Amino acid sequence: MSEQQKNPNLDAEQVLKSETQNETVEELLEPEVELLEEVTENDELAKALEEVAQYKEAALRAHADAQNVRRRAEQDVEKAHKFGVEKFAKAIVGVADNLERALTSAPETGESDPVREGVELTLKDLLETLARFEVAVVDPHGEPFDPALHQAITMMPNPELEPNTVMDVVQKGYTLHGRLLRPAMVVVSSAA
């Protein structure tokens, strides 16, 4: 007869022993499984956090781009309002030049000349209107030469003036909101 048949308790003991060993092995392996699960969860968490950081950065960049586009559009609108009359102003300053030429060419008599007075008043009104729209006259007579605002036609030696000083203004210049509309045509002094 086999030992199992002789002692049935022995089989139960072995089964119990085997189960106990299995439980012990499972208990020993359980922390490793939990660790493995934690590592896997941590990896997933790290990946998710990395994705969140990437999406957050992309959202911040998109927001900054939108603000830049809005700011540029506002600046473009502001420039359009400021400088929308630039072509018109360039044409009108020619009229002011012609009125000034008419005054210089008309003989100045001691008598009251209604035509001359009319031209003077018209020129005065035109210059006031230009000033309301931020068109400023550049009349640099006696000032140092500034290539940003003046265009030198010629240079002439003059011992009485510092070199690079505007001696004569052939044609006045104009600015629109501080931006050069037309440079002043000038004669500049040079060293003697």
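Helices and strands here are DSSP runs, numbered from the N terminus. I am working from a predicted model.

**Entry 1: the sheet**

I looked up the strand order first. Three strands form an open sheet, ordered β2-β6-β3, and the pairing is mixed. Which strands sit at the edges? I found β2 (150–157) and β3 (166–171), each of which pairs on one side only. From one strand to the next, the twist averages 25°.

**Entry 2: β3 against β6**

Next I checked how β3 meets its partner. Strand β6 covers residues 184–190. β3 and β6 run antiparallel to each other and are paired over four bridges. What stands opposite V169? I noted V186, in β6.

**Entry 3: the largest pocket**

Then I turned to empty space. The largest pocket holds about 240 Å³. I listed its lining from the N-terminal end: D97, E100, R101, L103 and T104, then D139 and H141, then D168, V169, V170, Q171 and K172. V169, the residue opposite V186, is thus also on my lining list.

Which elements supply at least two lining residues each? My answer is α3 (86–105) and β3. α3 gives the most, with five residues. β3, the other supplier, is the edge strand from my first entry.

**Entry 4: character of the lining**

How do the lining residues divide by type? I get six charged, three polar and three nonpolar. V169 and V170 are among the residues of this lining, and so are D97 and R101.

Notes: Residues numbered from 1 in each chain as written. Predicted model: local features only at pLDDT ≥ 70, side-chain atom pairs only at ≥ 80, totals over all residues. Heavy atoms only, no water. Pairing = 2+ DSSP bridges. Axes fitted to C-alpha atoms, helices over the stretch in contact; angles between N-to-C directions. 1 Å grid on protein atoms, 1.4 Å probe; cavity = no way out; pocket = protein on both sides within 12 Å on 5 of 7 lines; lining within 4 Å. Points joined across faces, edges and corners; volume = space filled by probe spheres on them. Nonpolar A, V, L, I, M, F, W, Y, C, P; charged D, E, K, R; others polar.
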